[in-house]
Every structure is written in C-alpha cells, then in structure tokens.
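Welcome! Take a moment to look at the sequence and the 3D view, and then read on.

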Amino acid sequence: MLTLQGHAFTLGRSKFSDHSPIRFEPTAKVYVNVQFGDRSQSWLAQLDTGAAWSVLAPDVAQAVGVSVESGDPALLITPFGVKTGYLVRTTFSLVADEGEPLHAEGQFFISPDWPEGLNFLGYSGLLEFIRFALDPQANHFYFGPGV
Amino acid sequence: MAQPLRKPEPDTRPYAERIRELVEQDYVGAARELLAEALEKGDHGEDLSGWQRVLAPAKVLRVGGELDIDRTPDFQWLKDHGETYWGQWVALFGGELLGHGENLKELLAKLEHHPRGRRALLHRLY
C-alpha cells in the first residue's frame, strides 16, 4: 500500500467509480464501496470532502438495522433543501480489494425524507479522521487509519 | 483613533443552543471548540453528553478481514445498463445482475437465496 517517509500511509485499496449513476448529475464524482452495520453486501457512497456531514439513505439505514432514534435530532441545510433527521453514530467498513479493509464508527445524518439510496461520506466526523488518497488514472481509492 | 461604537454583547444563550446552531450551519470545528470550552468550565448545569457523542471523532475499530472483488465489471455494468433499470435497486456481482426491484428490503430478501447474494454491490439508479 502507500507509504510516507518509510511508514505505512494507507493499508487498503479499492476501485472507485467516477461515473455518476444519478441521471441529473452531469459531472464526474467519486463513488466508493462501503459496508454498513453487520451487512455483508456493499453500497456505493459519494466521497464528498465539501460536505460537513456523512449521510446514510433512510432505506439503507433501515436495511442494515441502524436505529435512527438512537441518534440526536438535527436540522441540516442540504442540496435537497432543509432536512430534519438524526445524527447517528454507526459502524461502517471501507471495503478493500487489495490490502486490508478498514472498520470504523462515525456520525451519519439520517433523514426520512432524504432520497432513497443516496449515501455520502462527508468530512466532519468521518473523512477528517482517516487517511485517504485517490489515483484518478487507475480509479484507485486508498485508505487507512488516521494518526 | 477610531473607536468601536459599542462592545459586542457576550452570547448568554445556553451552550447547547449555541452548539446546535453551529452544527446546523455546518460550522463543526467551531461547535467542537465551544463544546470544549463548555466542558472545561463545567459549571453551566447543562447536559452536553449528546453533543459530545455527535461531535466525537470517527474511531477506527479494526483493520483486516475478507477482501472484496475488483468492482470494475460492476461499475461498467452500471454504465452500460443503468438506464434500463431507472428507478430501481440493482444487485451486482462480477458484472452480473443478481437481482433488481423497486424495494430494497424485497431485493435483500431475494438475495438471501442467491449463492453470491451476500457479496452483492447494491445501488439505486436514478
């Protein structure tokens, strides 16, 4: 995996998709493969360093058994308008096809009126605490624990 | 020399209210700083445990475990066939469509009976 000054910088790697599967989204984005809770299936989540919070789609949250009411109520301004929901701490895994997968817990915003199936990995409470790097030529997403 | 017309008033609202305002405006760093200030003072009589939970850093639990397959064929499938399944959930493995449907719960139930269902990549197409 990647090293920095002779030490491991990242431990795992997966392919990412730069093709938007969303019809109304014309520009390329980075979609990475994530598992939530104890489910062995994986979902695509958009890597969004510009987003303050991560978002777990309500139907995915229900499918993976995340208890929304265990979180703290919040009202956030999003690209889909002002949404009420909960900030919930839950487990997730960055899936690897090379190296080691990373299993962690972080904060996700879950709102009942958020579009189905749209997951985001945002900066606060999640990406800011791990190391990651992109190789856009090879569509490789590298990741590892932060220091 | 120029003088300020008046001093800014100190914010006397409860910490929880001010932290909520910052969180909801995406000022997460400022919310963490205010929470740290409140916890350091410790004599404000407010329960801030909820905000400690919300603003806690992500925590790596462990590394290692089962490796996934290279999902390039699944991403190619989404490019080639995504339009056909607009508005539906699809389950993919190795560039093969394992199942599809409008309801995620029903699709997951179908995948229980598929030999590769537990390793599917699930995605909803818009």
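Here is a short tour of one sheet and of the contact between two chains.

This is a predicted model, in which local features need pLDDT of at least 70, side-chain atom pairs count only at pLDDT 80 or more, and totals for chains, interfaces and linings use all residues. Residues are numbered from 1 along each chain as its sequence is written, while chains are lettered from A and ligands numbered from 1 in the order in which they are written.

**A sheet in chain A**

Strands here are DSSP runs (E, at least two residues), and helices are DSSP runs too (H or I, at least four residues), numbered from the N terminus. Two strands pair if DSSP finds at least two bridges between them. In chain A, four strands form an open sheet in the order S9-S3-S13-S12, with antiparallel pairing. Strands S9 (98-99) and S12 (130-135) of chain A each have a single partner strand, so one side of each is left without a neighbour in the sheet.

**Where the chains meet**

Residues are in contact if their C-beta atoms, placed from the backbone, lie within 7 Å. Chain A gives 43 residues to the contact and chain B gives 40 residues. On the side of chain A that touches chain B, the largest share, six residues, comes from S10(A).

Two antiparallel pairings, one inside chain A and one across the chains, are set out here.

| Pair | Bridges | Residues standing opposite |
|---|---|---|
| S12(A) and S13(A), residues 140-145 | six bridges | A:Leu134 and A:Phe141 |
| S10(A) and S1(B), residues 59-63 | four bridges | A:Glu105 and B:Lys59 |

Terms used
Two residues are in contact if their C-beta atoms, placed from the backbone, lie within 7 Å.
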